[in-house]
Amino acid sequence: MTNVAILFGGTSTEHDISCTSAENVVACLSGRFDLTLVGITRDGRWLRYSGDPTKLAGDAWAGHDCEPVALAPGEGLVAQGERGARPLGVDVALPVLHGQGGEDGTVQGALEVAGVPYVGCGVMASAVCMDKDAAHRLAAAAGVRSPRCAVLYRGSSDQARQAVPGACGGFPVFVKPARGGSSIGVSKASDEAEYAAALDAALALDEKACVEEAIVGMEVGCAVVGDAVRGTRMGAVDQIVISGDGFFRIHLEDDPGANTELRCPAELPDAVLERVHTAATTVYEALGCEGFARVDLFVTPDDEVVFNEVNSTPGLTYYSRFPQMMRAAGHELGDVLAELVEERLARAAEGLR
């Protein structure tokens with residue numbers, strides 16, 4: 001039976017949601033493949049976990065039933081236990097990692113050096129999707145409207161900091177770490193005091209921060225599977241309706257739906273849905289995505305479609321948007337992932353990345 005390594009955890013601020021996502025992925029793929037669970041601790045240690053696969057959430061898994069794992073060039077994943085180093089016999093890896101150090105191309109590059117085929121976006125696409133400034137530039141070059149954006153670096157002069165909101169059309173603006181995979185560190189600023197605090201918060205997480213015009217409208221998401229060569233397919237579009245003046249924070253609150261209604265499928269006219277589909281496909285292909293990803297867009301009151309971001313490894317928990325969108329289109333997450341694993345193995349057999 002095919003041996004699939006599930007990589008989870010990681011060193012980013014999204015460690016916990018990665019573990020929760022992996023727990024759901026294991027449940028979906030159990031019985032379809034032999035699963036090798038490789039957890040990455042918060043301090044970057046790689047461990048093979050052989051304990052209860054239903055208890056990956058949190059850090060309890062890292063305290064027992066573990067042995068160190070290394071990536072050896074040309075040798076794949078290698079366990080380093082009491083019996084010495086031995087290959088784990090992994091055929092393909094499925095990274096379920098979010099944020100820096102997992103979703104940004106670093107792990108993907110390491111897997112390529114080690115000769116381990118993996119499911120999902122490659123090195124370039126992962127890095128570009130993580131860098132919101134670079135992603136917006138590529139999307140705009142492909143003809144998809146992106147918010148006006150300015151970039152500041154840690155240590156920028158006070159004069160440069162003060163000038164940025166004007167370059168984005170004035171207040172309100174959104175301030176976010178340039179390289180991030182969720183709403184962590186993202187703030188909305190409506191005046192200079194809020195802007196200064198938001199910029200400090202973003203630059204505490206990244207040396208580069210993006211300041212974007214606030215787009216008035218609703219956020220929609222597209223679960224995309226495939227690639228530009230073999231074709232893409234899409235789940236149902238979802239729609240986020242937010243009450244009040246907040247923004248969507250599904251992974252950060254005890255009650256993620258407190259200020260939010262998530263509609264799936266989205267309640268949009270057919271003509272608007274067609275433009276959303278076109279924009280999402282264009283962005284996905286322009287950024288070089290493959291395997292699967294979630295493309296997030298805005299729809300303005302004038303029905304203009306504006307690019308927001310791509311999550312190259314979207315959340316895969318039972319309540320996450322990607323599984324819900326695929327389910328609404330008639331595709332269960334286990335079936336989607338199993339198909340991607342088989343497709344990736346077939347490409348590896350042909351000598352393709």
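What share of the 353 residues in the protein chain is buried? In this predicted model, buried residues make up 52% of the chain. The fold is built from 9 helices and 17 strands. The radius of gyration is 20 Å, close to the 20 Å that the globule rule gives for 353 residues, so the chain is as compact as a globular protein of that length. Its C-alpha atoms fill a box of roughly 60 × 45 × 40 Å along the principal axes. The accessible surface comes to about 14700 Å². Carbon and sulfur atoms contribute 50% of that surface. Among contacts with a separation of 6 or more, 64% are between residues 24 or more positions apart.

The chain holds 28 salt bridges. One of them joins the side chains of Asp-335 and Arg-32, at 2.8 Å from N to O. Asp-335 belongs to helix H9 (residues 333-349), and Arg-32 to the loop between helix H1 (15-29) and strand S2 (34-40), so this pair ties together parts that are 303 residues apart in sequence. Asp-335 is partly exposed, at 40% relative accessibility. Arg-32 is also partly exposed, with a relative accessible area of 36%. Another salt bridge links Arg-45 with Asp-43, with the closest N and O atoms 3.3 Å apart. Here Arg-45 is partly exposed at 45%, and Asp-43 is exposed at 57%.

A further salt bridge lies in helix H4 (residues 132-141). The side chains of Asp-133 and Arg-137 meet there at 3.1 Å, N to O. The two residues are 4 positions apart, or about one helical turn. Asp-133 is buried, with a relative accessible area of 11%. Arg-137, in contrast, is exposed at 57%. Both belong to one network of salt bridges with shared partners, together with Asp-131, Arg-179, Asp-206 and Lys-208.

Lys-208, a member of that network, is found in strand S11 (residues 208-213). Its relative accessible area is 8%, and Lys-208 is therefore buried, given the limit of under 20%. The side chain of Lys-208 makes a polar contact of 3.1 Å with the side chain of Asp-131. Beyond four places in sequence, Lys-208 touches Asp-131, Asp-133, Val-151, Leu-152, Tyr-153, Pro-177, Ala-178, Arg-179 and Leu-203. The C-alpha atoms of Lys-208 and Ser-12 are separated by 16 Å, with their positions 196 residues apart along the chain.

Asp-104 presents another case of a buried charged residue. It sits in the loop between strand S7 (92-95) and helix H2 (106-114). Asp-104 has no salt bridge. The nearest side chain of opposite charge is that of Arg-179, 7.4 Å away. A salt bridge requires nitrogen and oxygen within 4 Å, so Arg-179 is out of range for Asp-104. Polar partners are present instead. A polar atom of the Asp-104 side chain lies 2.9 Å from the backbone nitrogen of Gly-101. The side chains of Asp-104 and Thr-106 are joined by a polar contact of 2.7 Å. Outside its neighbours within four places in sequence, Asp-104 is in contact with Gly-99, Ser-126, Ala-127 and Met-130.

Two of these contact residues, Ser-126 and Met-130, are buried residues of helix H3 (residues 123-130). Ala-125, Val-128 and Cys-129 are buried in H3 as well. The buried residues of H3 pack against H2, H4 and strand S17 (305-311).

Several backbone features stand apart. Most residues other than glycine have a negative phi, and most peptide bonds are trans. The peptide bond from Phe-171 to Pro-172 is cis, with omega near 0°. Pro-172 lies in the loop between helix H5 (158-167) and strand S9 (173-177). The bond from Cys-264 to Pro-265 is likewise cis, with omega near 5°. Pro-265 occupies the loop between strand S15 (260-263) and helix H7 (270-286).

Positive phi values occur at two aspartates, Asp-65 and Asp-303. For Asp-65 the value is about 55°. This residue is in the loop between strand S3 (46-49) and strand S4 (66-72), and is partly exposed at 41%. Phi of Asp-303 is near 65°. Asp-303 falls in the loop between strand S16 (291-299) and S17. At 33% relative accessibility, Asp-303 is partly exposed.

Methods. Residues are numbered from 1 along each chain as its sequence is written. This is a predicted model: local features need pLDDT of at least 70, side-chain atom pairs count only at pLDDT 80 or more; totals for chains, interfaces and linings use all residues. Side-chain values use heavy atoms; hydrogens and water are left out. Buried means under 20% relative accessible area, exposed over 50%, partly exposed in between (1.4 Å probe, protein chains only). Lys and Arg count as positive and Asp and Glu as negative; His and the chain ends are not counted. A polar contact is a pair of N or O atoms within 3.5 Å; within protein, one must be able to donate a hydrogen and the other to accept it, and residues adjacent in sequence count only if both atoms are side-chain atoms. Contact means heavy atoms within 4.5 Å. The radius of gyration is taken over C-alpha atoms; the globule rule is 2.2 Å times the number of residues to the power 0.38. Accessible areas come from the Shrake-Rupley method with a 1.4 Å probe; for residues, only the protein chains shown count as cover.
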